Amino acid sequence: MTICSHCHRPLQAERSCLPRRGKQPLSASRPFRSTKSASKARRDQINAELQALRSLLPISGQEKERLSYLHTMALVCLQLRGAQLFPPAGSVPCAGLAFGTELLSLLPGFLLVLSANGKLVYISENVAEVLGLSVVELLAQGDTVFDILDGRVHNDVHQKLLLAQEEPGREVTFVSEMHTSKAFRQQHGGNRAVAVCGRFLALPWPASSSSSCPTAFLALCTPVAGLPADTDASSQDDLFQSMHFLDMTFTDVTESVTYHLGYHREELIGQSWYSLLHPDDADLAAAHHRAVALGAGAAAAGTAVLRVLRRDWSWAWLHVSARRDSGGQAITCTSRCLR
């Protein structure tokens with residue numbers, strides 16, 4: 001008889017009360033549950049909800065069929081922002097195609113409406129004639145005005161919008177390149193420069209999510225001649241040069257200024273550059289002037305897009321490149337007329 005050394009009980013041969021090494025007692029296995037059906041149900045639900053949202057969009061059925069999920073959500077968000085600012089009971093451009101194609105065709109550009117935080121609320125359909133991108137394709141870039149602008153002007157545009165928001169009704173203007181279609185860039189060699197002129201208006205009705213009256217930025221965006229690239233060697237017919245003291249008083253200017261601004265060379269010598277600037281561009285010009293006058297090395301040069309007064313009392317857009325000379329006692333400006 002064999003006695004177990006562990007429990008001291010009699011055992012049959014080759015038996016033990018302990019489990020053999022390498023073998024573990026079987027445990028109750030968890031039942032396998034597949035998640036494929038649950039995932040498919042969620043996808044089907046999302047697709048159904050997107051189809052329902054797509055059916056509510058105020059566009060043609062043919063356009064709806066071409067919408068991707070991203071484009072659908074972009075348009076839905078645009079409509080929701082418009083509904084918050086402009087309740088459906090009001091007369092609003094965002095509730096549908098309130099502007100007919102005939103009226104839009106008479107405009108020199110496209111219409112743009114922004115919320116107080118720069119979100120896109122409305123873009124008129126004729127934007128495709130200016131940028132080569134439809135409203136849907138433009139919204140795929142992002143949902144704020146900064147997503148469709150050249151990144152180099154974001155700070156200036158932000159300051160302009162803050163200034164306009166502090167004084168509702170005050171008109172502000174800025175020029176920037178806007179993103180365009182690939183076909184447009186191939187044909188014209190780059191994006192399109194657009195002048196955005198608008199103001200914040202206090203809407204006469206409360207927003208749907210607030211008891212206070214909201215504000216919206218309404219603007220007309222008109223194309224201008226393309227902004228020159230850093231290495232642009234465009235025709236000299238578009239340019240004129242001017243020389244200034246450090247306080248921007250004219251000391252000399254090329255004769256071609258007569259063609260662009262209408263002034264004779266003798267009329268400008270001794271005058272201040274600031275006497276020709278548009279009042280809304282004075283702060284921007286002063287900031288660039290200060291940077292050029294006080295900067296060192298590469299910082300002693302800068303560019304800006306400004307409006308100056310022509311002799312016939314109209315405004316001309318100029319792309320101005322300024323640099324301080326090596327002696328540090330004069331500033332030279334090369335100005336290109338944009339329109």
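These are my notes on strand β12 and its neighbours, with a few totals for the protein.

**Entry 1, the whole chain.** I'm working from a predicted model here. I went through the secondary structure and got eleven helices and twelve strands. Then I checked burial: of the 339 residues, 38% are buried. For the surface, I have about 20,000 Å² exposed, with 55% of that coming from carbon and sulfur atoms. I also looked up contact range. Among contacts with a separation of 6 or more, 48% are between residues 24 or more positions apart.

**Entry 2, β12 itself.** Next I picked out β12, residues 331–337. How many of its seven residues are buried? I get six, so I'm noting this strand as mostly covered, with buried taken as under 20% relative accessible area.

**Entry 3, the β8 side.** Which strands does β12 pair with? One partner is β8, residues 239–244, and the pairing is antiparallel over six bridges. To fix the register I looked up L239, and its bridge partner in β12 is R336.

**Entry 4, the β11 side.** β11, residues 315–324, is another partner of β12. Those two also run antiparallel, joined by seven bridges. For the register here I took R323, which sits opposite T332 of β12.

**Entry 5, the turn.** I followed the chain from β11 into β12 and found a hairpin, with six residues between the two strands. I checked the backbone in that turn and stopped at G328, where phi is positive at about 80°.

**Entry 6, recap.** My picture of β12 is a mostly covered strand, paired antiparallel with β8 and with its hairpin partner β11.

Notes:
Residues numbered from 1 in each chain as written. Predicted model: local features only at pLDDT ≥ 70, side-chain atom pairs only at ≥ 80, totals over all residues. Heavy atoms only, no water. Buried < 20%, exposed > 50% of the residue type's maximum accessible area, 1.4 Å probe, protein only. Pairing = 2+ DSSP bridges. Contact = heavy atoms within 4.5 Å. Areas by Shrake-Rupley, 256 points an atom, 1.4 Å probe, with all protein chains shown as cover.
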